[in-house]
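Trainee: I would like to learn how to read the cavities, sheets and cysteines of a model, beginning with the general idea each time and then turning to the case at hand.

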Amino acid sequence: MDYEQYFKDELDGVRDEGRYRIFTEIERHAGAFPHATRYVDDETTDVTVWCSNDYLGMGQHPVVIDAMHATLDQCGAGAGGTRNISGTNHHHVLLEKELADLHHKESALLFTSGYVSNWAALGTLASRLPGCAVLSDAGNHASMIEGIRHSKAEKHIWEHNSPEDLDRKLAAIDPARPKLVAFESVYSMDGDIAPIAEILDVCEAHGAMSYIDEVHAVGLYGPRGGGIAEREGLMDRITVIEGTLGKAFGVMGGYIAASAALCDFVRSFASGFIFTTALPPALAAGACASIKHLKDSPFERQRHQERVAKVRHKLNCLGIPHLDNPSHIIPVMVGDPHKCKRISDWLMDNHGIYVQPINYPTVPKGTERLRITPSPVHSDADIDKLIEALTEIWSECELARRAVAA
C-alpha cells in the first residue's frame, strides 16, 4: 500500500468538501485580549478574537497572572511526575478543595483537561460497575462518547434533551442493574441548555447515577459560578459534576466533583489519571485564584451576559440568522461549508476579525456556522465592527436573512 498517497487522497477529499481545517496562528497579549497578533509566514497583523472559549477573559486577569507568577517562582515549572509518583503538589490539593466547595461536594479530582476527565471518569465508572448500562444524550461531546465507548459497557443513546425518551429507555432496563446517565448542561454548538431537573427526576425514579458535563457553564452561571446546576439549585441531586479549568476559568485542566468515595474510586482505577503527569503547580494556582475570584465577583458574569445580549440584538436588527438559545453561545447559521469558510477568511483578511468556521463532523452537514462567543472584554466598538463586517459579507454571499421586526 502507498501510505503517503492514501493520506494525501484522504486530505484532498476533506478539502473538496470545504472542511479542511487551517489553524490560525495568533499571539494573545495579556491585558489586551480580545485583541491579538496574527502570524502568517513572516508577517503579522492585528486581529480581534470572537471565537475564544476564554469566555470571561480570566486568562489575562491580574489575580490569575499574579498567582501563576508567584507559584512559578516558588515551585518551578513542572509537577515532576504523576500524582502517584512525586507529582501531587500542595497547589493541586488546594485546587481540589476549592472545586469541591464550588460544587458543594465532598471531594474533587483533577485531570489534565476536560476531555481527559470525561474519558477517564466515564470510562472507569461504566467499565467497573458490574453490568452497568450507560444512557448517553444524543448531543454529548466526543470526550463523553469516547469514554463510554472505551468502557465497553452497554450503551443506549436517548433523544437530545428528552427526559421522556430517557424514561422510556431506563424503564426497559432491569431495575437491579447499575445505570449511569450522562448529559451536558450547556451544549457548545447549539448553545441550548438541558432540562436538568426533569432529567434528574427520571434518574431518581429509576435508581440511576447522574453525570453532568458543565464545561461550558462553570464560572458563567450561578451565584458563585458553579454552573447551571448551581443556578437552578440542583447540585446536591447530581452524582458527578464534571468541569473544565480551560474555558471560563481561563487556565487549563479538567475535574470531577462528587462524593469522597466516588472520587477516590476514580483516582484508584482510572488509567487516564494514574499514568499521566500532573498539571504544573502554576496552572493549578492560577485556576484556584480564578475560581476564588469568580465565587465572589458577579461583575464578569453580568458584563458577559450584557455583551451577549447586545450582539444578539444587533444581529436581529440586521436579520442575520442565529440560533435562539438561553446561553452565551451565538451560532450564526450559514448552512454551507464553502461559504462558511469564505466568510471566516474574508472577515479575517479584510477586517482582522477572527471567527472560526464550524463544519462537519463537529456539526451535522447542512448546519455549518460561525460560533461567536462575546466576552466581557469586547467593547462597543468591537461589536459594531463585527456586525458591520458580517452584514457586508452576508450580502456578498447572497445568504438569506430573517424578517426584521419593526
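Mentor: On a 1 Å grid over the protein atoms alone, a cavity is a set of points where a 1.4 Å probe fits but cannot get out, whereas a pocket is an open set with protein on both sides within 12 Å along at least five of seven lines, and lining residues are those with an atom within 4 Å of a point. Grid points are joined across faces, edges and corners, and a volume is the space filled by probe spheres set on the points. This is a predicted model, in which local features need pLDDT of at least 70 and side-chain atom pairs count only at pLDDT 80 or more, while totals for chains, interfaces and linings use all residues. Residues are numbered from 1 along each chain as its sequence is written, and side-chain values use heavy atoms, with hydrogens and water left out.

Trainee: How many cavities of 30 Å³ or more does a search of the whole structure find?

Mentor: The search finds two. The largest cavity holds about 80 Å³ of space, and its lining is made up of R83, H92, L110, F111, T112, F273, T276, T277, A278 and L279. For classes, Ala, Val, Leu, Ile, Met, Phe, Trp, Tyr, Cys and Pro count as nonpolar, Asp, Glu, Lys and Arg as charged, and the others, Gly among them, as polar; on that basis this lining has five nonpolar, four polar and one charged residues. The second largest cavity holds about 30 Å³, and the residues that line it include F33, D54, Y55 and H378.

Trainee: Which residues lie nearest the centre of the second largest pocket?

Mentor: They are S113, G114, Y115, T244 and K247, out of 18 lining residues, and the volume of this pocket is about 230 Å³. Helices (H or I, at least four residues) and strands (E, at least two) are DSSP runs, numbered from the N terminus, and helix α5 (residues 114-128) gives the most to the pocket lining, with three residues. By class, the lining of the second largest pocket divides into four nonpolar, eleven polar and three charged residues.

Trainee: How should I read the sheets?

Mentor: Strands of a sheet pair through backbone hydrogen bonds, either parallel or antiparallel; here two strands pair if DSSP finds at least two bridges between them. One open sheet of four strands follows the order β1-β2-β3-β12, with mixed pairing, and its edge strands, β1 (26-28) and β12 (353-354), each pair on one side only. Within this sheet, β2 (residues 35-40) and β3 (residues 43-49) are antiparallel over six bridges, and T37 has D46 in β3 as its bridge partner.

Trainee: What is the order of the open sheet of three strands?

Mentor: The order is β11-β14-β13, with antiparallel pairing. Because β11 (330-333) and β13 (357-358) each have a single partner strand, one side of each is left without a neighbour in the sheet. Four bridges join β11 to β14 (residues 369-372), and P331 is partnered by R371 in β14.

Trainee: Why is there no disulfide bond for C203 or C340?

Mentor: A disulfide is a covalent bond between the sulfur atoms of two cysteines. The rule used here asks for a pair of cysteine sulfur atoms within 2.5 Å, and the count comes to zero disulfides. The sulfur of C203 is 12 Å from the closest cysteine sulfur, in C132, and is therefore too far for a bond; the sulfur of C340 is likewise too far, at 9.8 Å from the closest one, in C397.

Trainee: Are these two cysteines buried or exposed?

Mentor: Buried means under 20% relative accessible area, exposed over 50%, and partly exposed in between (1.4 Å probe, protein chains only). C203 counts as buried at 2% relative accessibility, and C340 counts as buried at 0%.
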